[in-house]
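This report describes a single protein model by its folded elements, charged pairs and backbone irregularities.

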Amino acid sequence: MCTDVNRCAVYLYASVAPKLTQEHSQVGHCSSFTYSWVSEETLMSHLTCSQRPQSPFTPGWTFHTQTEDNEMNRCAMVLLLCGAAVHSFRFDELIKYVDDHQEEYVQMNRCAMVLLLCGAAVHSFRFDELIKYVDDHQEEYVQILREWVAVESDSSDVTKRAELYRMMEMVGEKLRKMGGKVELVDIGEQQLPDGSSLALPKVVTAQFGSDVNKPTVCVYGHVDVQPAQKEDGWATEPYNLTEINGNLYGRGASDNKAPVLAWIHAVEAFKALDMDLPVNVKYLIEGMEETGSNGLDAMIESQKSSFFSDVDYIIISDCGWLSKRPALTYGTRGNCYFFAEVEGPKQDLHSGVYGGTVIEPMTDLIGILDTLISPSGTILIPGIRDAVAPFSDEEWKMYQDIEFDVENYREKIGVEQLMYNNKVELLAHRWRHPTVSIHGIQGAFSAPGTKTVIPAKVTGKFSIRQVPDMDPAVVEKQVTDHLHSVFAKRKSPNKLKVKMIIGAKPWLADIKHSLYEAGKAAVKRVFNVDADMIREGGTIPIARTFQDVTEKSIIMLPIGGFDDGLHSQNEKISRYNYIEGTKMFIAYLQEVAQIKKD
């Protein structure tokens, strides 16, 4: 009986497991033992879990049968859980081996035999070892981040372009030492205002693994940073990573050098332990994100049928959590940025000599800017909200469940009153409604002191954040028509020019996609909490570019904290987020490996 059961365990894996999704059961025979083929639903209905697994190999996971099943069904249950991960199977050899060792098996527990069959699969993802490796190397990880932060890779300052070139070389060298197939891709030149040109920093691409039987993910990140000086109000030197109370302070620490390194450390851990990556991993790391990703769109378009041809999923970790709870980001707003220029006299005028005799461009500009938005935040441009997607009940409920403290948010900003005091309304207007922001006026006197001047030409700068299903081309026409209409009513002799400088579309993912299910599982495994599903109020244009050009599925998987101060003084990432985020990326790669291709 024991031998037949063992042989049937082998046979079940070879013949039954692929058919478990059938709604009916069938009857088959193996040697002298008659058994039933059972459906996956039937088997799973007989199992209970002391801890709901993300995979059969979750540490601490156990199961037991609820009913007294026969020996065959018990073997089938274990194989259902373990067998799917066994990738190689030589049926005849296993059957012969079982027959040749019948006497030994009389003394063996039948579970031991199942483990012989499935143990290799369990061994294939040794999560505890990977976690220990990360913990043991966290000081090394902090040191590498310190070295990266020390590079002043400010993409907005052309005088620091050599530092940016050096930063890209450091990224390439790091990936090369790990054994990756690395290329530094030339993306052309940047045209400067004085008519000269300057080489753009090369984009680093790398590849680890090319197994056609595994899915391939592409990790996007950037290593350029915003400007920073101690005199701006930093408590520490911005390019000297400083740890205070578990926080790692430095420009670019959270945006985006630590997340890029965390992804590198994740792959590095597998390789250091001589473990196969569960998926193929590609990297695309750029150095011009903070100034608009110059040259990257063209590079992505040109490599659509080469570098991206075998990519299944794209991962972006250039965002942050909303609270202390880990989050998955599924949407960003777009942005339409406008210049409204009003020109009058041929030169600036003395307000004492000419004031009261000319219609001043500044007065016209202030007048038309005032027609963009009401004091209560309502956008006054006709038709601007016509294309905004409805706010569904399902989305409202999801916002209601998100961890977010409105009062803490208000205090952190430092204002007496917010536009909305209700959590759902506040998040909705931050994420999924359009907004108008007036940013400044070029040509106006803004230096300290006084100057009695009438500017001859002034340019108002404002933006409108886009949400699904707004189209920047339509918004451009709506804004231009509106401003010219209200300007005409002023009957001013001055001239108005309206120009849209940026027209970035919003991005929205399907939260029911397997990528997000994998993200939830990875967060649960590492942080032991359910992830918040959030959007970003800002714009990450590369997400929409990836979506439109490559037509790949995309997820935003952040590890940055809600209080990291991106683009601000005292930017930081916590050691906890950096290290635990690395573990989460490891878990995520394993979860993605379980996704069934369409």
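Where is the place of Asn256? Asn256 sits in helix 10. The peptide bond leading into Asn256 from Asp255 is cis, with omega near 15°. The model is a predicted one.

**Overall make-up**

The protein has 20 helices and 24 strands. Of its 598 residues, 49% are buried. Among contacts between residues at least 6 apart in sequence, 77% join residues at least 24 apart. The accessible surface of the protein is about 28300 Å², and carbon and sulfur atoms account for 49% of that surface.

One nonpolar surface patch is formed by Val353, Tyr354 and Val358, whose accessible area together is about 250 Å². Val358 belongs to the loop between helix 12 (351-354) and helix 13 (361-369). With a relative accessible area of 30%, Val358 is partly exposed.

**The sheet 10-11-24 and its surroundings**

Strands 10, 11 and 24 form an open sheet in the order 10-11-24, with antiparallel pairing. Strand 10 (242-244) and strand 24 (572-574) are at the edges and have a single partner strand each, so one side of each lacks a neighbour in the sheet. On average, neighbouring strands of this sheet are turned by 25° against each other, direction ignored.

Strand 10 pairs with strand 11 (residues 247-249) in the antiparallel sense over three bridges. Thr242 has Tyr249 in strand 11 as its bridge partner. Helix 10 (residues 253-272) lies across strand 11 and strand 24, and runs at about 45° to strand 24.

The loop between strand 9 (216-222) and strand 10 contains Glu231. Glu231 is exposed, its relative accessible area being 67%. The C-alpha atom of Glu231 is separated by 9.8 Å from that of Gln569, although the two residues are 338 residues apart along the chain.

The loop between strand 23 (553-556) and strand 24 contains His567. His567 has a positive phi, near 70°, and is a residue other than glycine. Its relative accessible area of 43% makes His567 partly exposed.

**Salt bridges**

The structure holds 24 salt bridges. Three of the pairs are listed here with their N to O distances.

| Pair | Closest N to O distance |
|---|---|
| Glu163 and Arg166 | 3.1 Å |
| Glu395 and Arg432 | 3.2 Å |
| Asp564 and Lys572 | 2.9 Å |

How many residues apart are Glu163 and Arg166 in helix 9? The two are three residues apart in helix 9 (residues 161-177), a separation of about one helical turn. Glu163 is partly exposed at 23% relative accessibility, and Arg166 is partly exposed at 40%.

The salt bridge between Arg432 and Glu395 links distant parts of the chain, the two residues being 37 residues apart. Arg432 is in the loop between helix 16 (423-431) and strand 17 (435-442), while Glu395 is in helix 14 (residues 393-401). Are these two partners buried or exposed? Arg432 has a relative accessibility of 3% and counts as buried. Glu395 is also buried, with a relative accessible area of 9%. Buried here means under 20% relative accessible area.

Both Asp564 and Lys572 are buried. Elsewhere, a network of salt bridges links Asp135, Glu580 and Lys583.

**Other backbone irregularities**

The cis bond at Asn256 has a counterpart in another part of the chain: the peptide bond from Pro468 to Asp469 is cis as well, with omega near 10°. Asp469 lies in the loop between strand 19 (457-466) and helix 17 (472-489), whereas Asn256 is placed in helix 10.

Which sign does phi of Ser293 have, given that Ser293 is not a glycine? Phi of Ser293 is positive, at about 55°. Ser293 is found in the loop between strand 12 (280-286) and helix 11 (296-302). At 11% relative accessibility, Ser293 counts as buried, whereas His567, with its own positive phi, is partly exposed.

Terms used. Residues numbered from 1 in each chain as written. Predicted model: local features only at pLDDT ≥ 70, side-chain atom pairs only at ≥ 80, totals over all residues. Heavy atoms only, no water. Helix = DSSP H or I, 4+ residues; strand = E, 2+ residues; numbered from the N terminus. Buried < 20%, exposed > 50% of the residue type's maximum accessible area, 1.4 Å probe, protein only. Contact = heavy atoms within 4.5 Å. Areas by Shrake-Rupley, 256 points an atom, 1.4 Å probe, with all protein chains shown as cover. Patch = residues over 30% accessible without salt bridge, like charges linked within 9 Å, V, L, I, M, F, W, Y side chains within 5 Å. Salt bridge = Lys/Arg side-chain N within 4 Å of Asp/Glu carboxyl O. Pairing = 2+ DSSP bridges. Axes fitted to C-alpha atoms, helices over the stretch in contact; angles between N-to-C directions.
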